[in-house]
Amino acid sequence: MTDVERDAVLTVTMLAAFADGDNNDLERAEIRRVADAVAAQTAVNLPMLYQAVLLQKVNLDDEARKIVTTDGKALAYEFAVGVCHADGALSAPETDFLARLQAGLGLAATAAAAITIQSAALATAPLAIATAVDTRSTVEPKFAADMSSAALDKMILNYSILNGALELLPQSMASMAIIPLQMKMVYRIGKSHGFELDRRHITDFLATLGVGLTSQYVEQIGRRLIGGLLGKLAGGVGRMAGGAVTGSAFSFATTYALGQVAKRYYADGRTLSTAALKESFASMLSDARQLQTQYLPDIRQKAQTINVAQVMKEVSG
């Protein structure tokens, strides 16, 4: 993939983030933060691409024409679908955006439909998993409604390792499972403390902590694409490139901090203030980034054995 094509894929991804036309100042600021964070670790001027999107200086059809390889076209559409689905079912503007993108890329309707169906299944997957299914799961950590504090800690760690491993996999679709897994984890933590959470509550909870669903997915894409982690890994999973370690740390730490803060929040009966939640998450995120180094061998081992198709099947229910 050339630099021109890569930048076009990134631009299409950010256009998808604004496709619903309902982006507030907080969401725009969060995506800008993502652009700055990714750019700080690479030579790609992602903030410039973001600014061009924000000021409407780029056109979807023009960007689609710059993507000429088969792999590039598939990635652009997969990423756009994932971003549009990050916060749930597609809106009418997002559906129209994806139809334009498919036409602009010249992507076959059957291929586009397969990607959309798989992404939609993840985005609308049930938060609860029946016990009979859960006990046979080869992917998700085991769960019971009356878990002890230590058992919840173990479950949170297992989710964090799983998401860190997904970030290492060369398949682009692997990133789509990370946010649904985080939401399932929060649901389980709430349920263990007597709260039956719905998707809207969990989305609002994540937003309060500053874990934007759309911006998080954009950041995952940016790190994977710019770091060259898609389709291959330099030296294999056992000898990860620097960019791979960074991406894994991002997903591991975000999941771990989110789980620990959720555990505290629901254990305290949802009495923590917004300011306390934000402060707790920021502190825990810093600790989790250090903790990732300790669990890096476990993340690597998980990445070597995990089956992406099985993850998708189980997460989507």
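In the predicted model, Arg6 is buried, with a relative accessible area of 17%. That value falls under the 20% limit for burial. The salt-bridge partner of Arg6 is Asp3, and the closest N and O atoms of the two residues are 3.3 Å apart. Asp3, by contrast, is exposed, at 51% relative accessibility, a value over the 50% limit. The bridge therefore joins a buried arginine to an exposed aspartate. Both residues belong to helix H1, which spans residues 3–17, and a spacing of three residues places Arg6 and Asp3 about one turn of the helix apart. The pair is part of a wider arrangement, in which Asp3, Arg6 and Asp7 are linked in a network of salt bridges.

In total, eight salt bridges are present in the structure. A further one lies in helix H4, where Lys66 pairs with Glu63 at a distance of 3.1 Å between the closest N and O atoms. Lys66 and Glu63 are three residues apart in this helix, which means that about one helical turn separates them. The accessibility of the two partners was also computed: Glu63 is buried, with a relative accessible area of 5%, whereas Lys66 is partly exposed at 39%.

Helix H4 also contributes Asp61, whose side chain meets that of Arg100 in a salt bridge with an N to O distance of 3.6 Å. This pair connects distant parts of the chain, with Asp61 in helix H4 (residues 60–66) and Arg100 in helix H6 (residues 92–105), 39 residues apart. Asp61 is partly exposed, with a relative accessibility of 28%. Arg100 is likewise classed as partly exposed, at 40%.

Apart from these charged pairs, the nonpolar interior was examined. In soluble globular proteins, nonpolar side chains tend to be buried together. The largest nonpolar core of the model comprises 97 residues. Those touching the most other members are Tyr77, Phe97, Leu101, Leu166, Val186, Phe205 and Tyr266. For Tyr77, contacts beyond the neighbours within four places in sequence include Leu98, Leu101, Gln102 and Leu105. Tyr77 is also in contact with Leu107, Ala112, Ile115 and Thr116. Leu101 thus appears both among the contacts of Tyr77 and among the core residues that touch the most other members.

Key. Residues are numbered from 1 along each chain as its sequence is written. This is a predicted model: local features need pLDDT of at least 70, side-chain atom pairs count only at pLDDT 80 or more; totals for chains, interfaces and linings use all residues. Side-chain values use heavy atoms; hydrogens and water are left out. A salt bridge is a side-chain nitrogen of Lys or Arg within 4 Å of a carboxyl oxygen of Asp or Glu. Helices (H or I, at least four residues) and strands (E, at least two) are DSSP runs, numbered from the N terminus. Buried means under 20% relative accessible area, exposed over 50%, partly exposed in between (1.4 Å probe, protein chains only). A nonpolar core is a set of buried Ala, Val, Leu, Ile, Met, Phe, Trp, Tyr and Cys residues joined through side-chain atoms within 4.5 Å. Contact means heavy atoms within 4.5 Å.
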